[in-house]
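This report describes selected helices and residues of one protein chain. Please look at the sequence and the structure before reading on.

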Amino acid sequence: MSTSHLPATTDSIAQALEAKNPSEAISIYYLILENQSASPESLRIKEQAITNLSDLLRQENRGEDLRSLLTQLRPFFALIPKAKTAKIVRGIIDTVAKIPGTSDLQISLCKEMVQWTRAEKRTFLRQRVEARLAALLMENKEYSEALNLLSGLIKEVRRLDDKLLLVDIDLLESKLHFSLRNLPKAKAALTAARTAANAIYVPPAQQGTIDLQSGILHAEEKDYKTAYSYFFEAFEAFNALEDPRAVFSLKYMLLCKIMVSQADDVAGIISSKAGLQYVGPELDAMKAVADAHAKRSLKLFETALRDFKAQLEEDPIVHRHLSSLYDTLLEQNLCRLIEPFSRVEIAHIADLIELPIDHVEKKLSQMILDKKFAGTLDQGAGCLVIFEDPKTDAIYPATLETISNIGKVVDSLYVREEMDTLVLLCDETGRSLLLSQSERFVCKIMSEVYEGYERQYCELSANLSRKCNSTSLLPDGVEKNAKVNEIKSGLDDCDVLIRKMDLEARSLQPNVKAMLLAKLREYKSDLNKLKREFKRITSGDINQASRVELLEAGMADVHSVSADQRERMTMSVERLNQSGDRIKESRRTMLETEELGVSVLEDLHQQRQTLLHAHNKLHGVDDAIDKSKKVLTSMLRRMTRNKWIVGSVIAALVVAIIFIILFKISHH
């Protein structure tokens with residue numbers, strides 16, 4: 001071109017569009033941008049030229065030119081509104097992201113733009129570029145730098161109360177903590193993102209991203225049914241938008257079906273109307289895994305992992321869960337193979353399962369240490385020796401439980417004795433008021449009562465877990481029905497303890513209550529898992545499960561109890577009987593103290609009701625005052641309007657009188 005620049009007109013844009021090759025068009029766009037005109041029409045044409053130039057540079061994979069373009073446009077940004085500047089900058093950064101292999105370039109570009117926006121005091125744009133920079137650092141596995149950047153950015157955005165950006169940042173923080181395997185913080189960040197999203201309108205794509213992250217976190221906690229529902233919501237959102245992430249949501253849905261032993265549903269989901277749109281390597285990989293799981297074939301499973309390595313091994317989420325699934329399948333197959341034997345060669349097991357001997361030996365030793373079955377490895381002879389299931393003696397657990405209960409009673413008696421020393425004050429109405437020291441003792445008592453319930457629940461929960469494991473291996477019959485009834489009774493006792501702990505926790509001070517309620521939520525989650533396990537045991541699938549799981553955790557040989565131990569046990573029982581009378585006498589004192597505490601609580605409740613009633617009356621008076629104010633304002637307006645009307649009438653009468661007088665004078 002002979003001129004140093006071209007006029008910023010539509011003719012120049014048309015000339016660039018009609019260029020014979022991209023290089024010529026790029027040169028024309030650069031000449032347009034060099035035009036110094038600042039008229040509104042010129043600025044609009046330059047914005048269009050920037051957009052077209054960015055697309056051409058992306059097609060030519062010229063990432064460095066895009067980077068230099070942002071530097072060249074800084075004088076132009078001073079002429080246009082800040083919102084348009086933010087749109088252009090973010091658009092160019094997104095364009096660079098579409099060029100493969102430019103992650104380092106994107107990071108350096110974002111850092112440059114952060115420095116520029118900070119110098120120009122463009123806070124809105126800087127916050128969004130920093131969020132993009134944190135996402136790029138996380139993808140580049142620079143977790144520490146990304147976390148430091150996000151920690152400061154979150155505080156700043158929360159002060160500005162930018163809800164939409166806050167949702168993006170909280171979601172990004174959740175992904176970052178999940179990558180660092182910090183699940184509690186990942187869940188907390190996701191909860192914050194959901195809270196912010198509930199206060200505003202969130203685009204469907206962003207809502208789908210939140211659901212996808214929720215499904216990933218629930219799957220990590222082995223709650224695959226809840227995870228499936230979240231993945232389904234994410235899939236519907238991405239499918240409606242034709243987002244490429246829809247295939248990953250569908251892939252994780254199939255993974256959840258496989259992990260809950262519903263591999264037969266995989267083929268139906270893939271062949272559905274929505275699933276047929278995404279048929280490809282991702283779904284073929286999950287179908288191969290489902291077939292291997294349905295046939296319980298380790299060989300097919302390893303073949304699927306080898307044939308679809310990119311889809312299974314390189315996806316960290318799928319790989320983590322499939323590793324757990326592979327270990328489960330291996331344990332089930334090994335338990336099924338060793339079930340008929342009491343002594344078997346390890347080489348024979350390796351031949352049957354078609355795996356290396358070292359691998360099988362290592363897995364068997366791990367299963368023995370994990371108490372999947374009772375046995376030992378005779379490495380000298382190369383054999384696996386399997387022991388019989390030891391029968392438990394109920395006297396030891398019962399004795400331990402009795403001693404534990406005695407300890408609780410003694411602790412409670414000690415606290416009640418301290419309560420008897422409290423001083424009571426009487427007010428003019430005769431009500432008893434406890435001193436601040438008594439309040440501390442009451443909190444201490446309630447806290448210790450909560451701890452007592454907590455210990456009972458933990459012992460009962462561990463016992464129920466062992467019973468579930470052993471019951472799942474029993475054949476249908478009288479013994480199994482008895483075990484099922486014991487587990488059901490234990491679950492009912494756990495529910496009662498949970499309710500008692502809830503009542504005790506809610507009656508404590510706020511700082512203690514928050515901590516205890518957090519622990520209580522974990523216990524409720526554990527209890528729900530036990531209930532699901534009990535439901536699985538009592539369902540029709542137990543016959544299939546009993547073939548692949550063997551004996552519960554091995555226990556010590558209880559038949560070798562010495563006579564000395566039994567003698568000590570008898571002495572303990574005698575001491576317990578001697579303590580019975582003292583406990584009954586103490587119980588009476590405890591009941592009296594409890595009645596005193598109940599009366600105090602009733603008085604406090606009545607006072608609270610009185611305060612609430614007065615508060616409601618004040619609200620009513622406030623509403624009446626507001627209504628009176630409105631009535632007075634309305635009356636004032638009417639009075640003003642009436643004054644104007646009367647004044648207008650008087651003025652009209654005066655004018656009429658003057659007119660009549662003048663008329664008569666003129667006729668005389």
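The following paragraphs treat a predicted model, beginning with individual residues and ending with an annotated region.

**Two residues of helix α10**

Helix α10 covers residues 163–179 and contains F178. D170 also has its place in helix α10. The table sets out the accessibility of these two residues.

| Residue | Relative accessible area | Class |
|---|---|---|
| F178 | 10% | buried |
| D170 | 1% | buried |

A residue counts as buried when its relative accessible area is under 20%. F178 is therefore classed as buried, because its value is 10%. D170 is likewise classed as buried, because its value is 1%.

Which residues surround F178, if its neighbours within four places in sequence are set aside? F178 is then in contact with L183, A186, Q213, I216, L217, E220, I317 and R320. One of these partners, E220, is 42 residues away from F178 along the chain, yet the C-alpha atoms of the two are separated by 9.6 Å. With the same exclusion of neighbours within four places, D170 is in contact with I154, R158, A189, A192 and A193.

**Helix α12**

Helix α12 comprises residues 204–220, a total of 17 residues. At 1.5 Å a residue, helix α12 should span 24 Å, and its end C-alpha atoms are indeed 24 Å apart, so the expected and the computed values agree. Is α12 mostly covered or mostly uncovered? Helix α12 is mostly covered, since 13 of its 17 residues are buried. After α12 comes K222, which has a positive phi, near 70°.

**The contact of α20 with α22**

Helix α20 consists of residues 316–338, and helix α22 of residues 357–369. Their axes come within 11 Å and cross at roughly 90°. The two helices are therefore roughly perpendicular to each other. On the side of α20, the contact involves Y326, D327, L330, E331, L334 and C335. These residues meet H359, V360, K363, L364 and M367 in α22. By character, the residues of this contact divide into 7 nonpolar, 1 polar and 3 charged.

**An annotated region**

The UniProt record, an unreviewed entry, lists residues 644–663 as "transmembrane region". In the predicted model, the span of residues 644–663 is 100% helix and 0% strand. The end C-alpha atoms of this span lie 28 Å apart.

Note on methods
Residues numbered from 1 in each chain as written. Predicted model: local features only at pLDDT ≥ 70, side-chain atom pairs only at ≥ 80, totals over all residues. Heavy atoms only, no water. Axes fitted to C-alpha atoms, helices over the stretch in contact; angles between N-to-C directions. Helix = DSSP H or I, 4+ residues; strand = E, 2+ residues; numbered from the N terminus. Parallel < 35°, antiparallel > 145°, perpendicular 65-115°, else oblique. Contact = heavy atoms within 4.5 Å. Nonpolar A, V, L, I, M, F, W, Y, C, P; charged D, E, K, R; others polar. UniProt positions renumbered as here; feature names shortened; annotations may be inferred. Expected span 1.5 Å × (residues − 1). Buried < 20%, exposed > 50% of the residue type's maximum accessible area, 1.4 Å probe, protein only.
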